[in-house]
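This report introduces a structure to a reader who has not met it before. It starts with the chain as a whole and then turns to one sheet and its surroundings.

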Amino acid sequence: MINTLLLRKMMKFKTAAALVFFQLVIVGCQKEEKKTAATETKIKNDTIKTTKAEEKIDYSDFNIFNLSVISSAEKDSDIDIFISVSDIYKGVQPVPENIIKNHKQMTYEELQHFDLDAPSRKKLLNGIHLTENDSLYIYEYWSNKLQRIPVSRLKAVAYLSPYSDSEDLDPDAYMMGFQVAAHQKTTEYDRYINAIAYFGNKNPFVANKMKAVKWQKAGTDVSKKYFSHSKLTQGNTYQTKYENMTYYLQDYLEEGNTVERRLAVINDHQEKMAEKTFSLAESDGGEFLPLYGIDTDEANIFQYTGYLFKGKPPVIFGFIAQSFGCPSISFLDKNEKDFWINCDNRH
């Protein structure tokens, strides 16, 4: 299901944000109840900005998704772009009855991917509280491109999880959702890694306020000034800037390996605006991603920061590659909970 070219690029970390947003949905592993979160402390709200909301967005029941890039069943050199909504669908997946009933007489290619019939499409839309009048918003924050597609123009589709047994098939074996594009060239897949998607009737994304985080080494005085004592061994310290803020990142080691990273955000008045901790102890099988400017070049950018959502404080993400569970987007504000990215991570 995964193109060898894609695997080779992933091994090189060529589009390695895939480890955060893309790898999880290509293979579609089983999402566990446990999710890896960044712990948050000490935020001064009077020193942090929020974006001016162009229109009021209801964040009370808000879901964002990443995009799966899957090798086409018809042609191995092509890719399909797909968004699974199975994470938020309640109940038995709406697979047409004839698929389950006749699956032993169908080929693997026929079972691997199919369009939903009209009743199944309607059931899927009702189950995730969408209508044909809503839209899909895809924001490629790395290039500041926004794509809006009416739901009525999207194919409702199912892709068989590669971890499912086609011999003993049940509806939960499928990733259910919407096809964004089909038969794309593999050269197109990079653009969908640093992107997130939202279904609704309003665009929640802020335009042109995100940037890649490029780190550089910081002096030892930074560690003493902004980071508290830990039983772990202190490693390297890094820094970067965004608008009026300076970000400091501190490595903490155990047996020579980085097991924790702490982030401190300081404003121009030398006030600590936010402090966050990213820990492998809270990640089941996760690992830290390379830092742009330190471990990798501009072809392999993982961390992004800036204003992403209308009416919300700035965000930062891209520190840990998840093996189980889905990644999250963290706000630089203790009063804002992380936004989990639905990724249909199953195995």
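## The chain and one of its sheets

Of the 347 residues of the protein chain, 57% count as buried. The model described here is predicted. The protein chain contains 6 helices and 22 strands. It exposes about 15,900 Å², and 46% of that area is supplied by carbon and sulfur atoms. Taking contacts between residues at least 6 apart in sequence, 67% join residues at least 24 apart.

One open sheet is made of 5 strands with antiparallel pairing, and their order is S3-S4-S9-S8-S5. Strands S3 and S5 stand at the edges and each has a single partner strand, so one side of each is left without a neighbour in the sheet. From one strand to the next, the twist averages 45°.

The elements in and around this sheet whose residue ranges are stated here are listed below.

| Element | Residues |
|---|---|
| Strand S3 | residues 68–71 |
| Strand S5 | residues 113–115 |
| Strand S8 | residues 155–160 |
| Strand S9 | residues 174–185 |
| Helix H5 | residues 118–127 |

How many bridges join S5 to strand S8? There are 3 bridges between S5 and S8, and the two strands run antiparallel. At the level of single residues, Asp115 has Val157 in S8 as its bridge partner.

A helix also belongs to this part of the picture. Helix H5 lies across strands S8 and S9, and runs at about 110° to S9. Strand S8 is thus a meeting point in this description: S8 is joined by bridges to S5, and helix H5 lies across S8.

Technical notes. Residues are numbered from 1 along each chain as its sequence is written. This is a predicted model: local features need pLDDT of at least 70, side-chain atom pairs count only at pLDDT 80 or more; totals for chains, interfaces and linings use all residues. Side-chain values use heavy atoms; hydrogens and water are left out. Two strands pair if DSSP finds at least two bridges between them. Helices (H or I, at least four residues) and strands (E, at least two) are DSSP runs, numbered from the N terminus. Axes are lines fitted to C-alpha atoms, for helices over the stretch in contact, and angles run from 0 to 180 degrees between N-to-C directions. Contact means heavy atoms within 4.5 Å. Buried means under 20% relative accessible area, exposed over 50%, partly exposed in between (1.4 Å probe, protein chains only). Accessible areas come from the Shrake-Rupley method with a 1.4 Å probe; for residues, only the protein chains shown count as cover.
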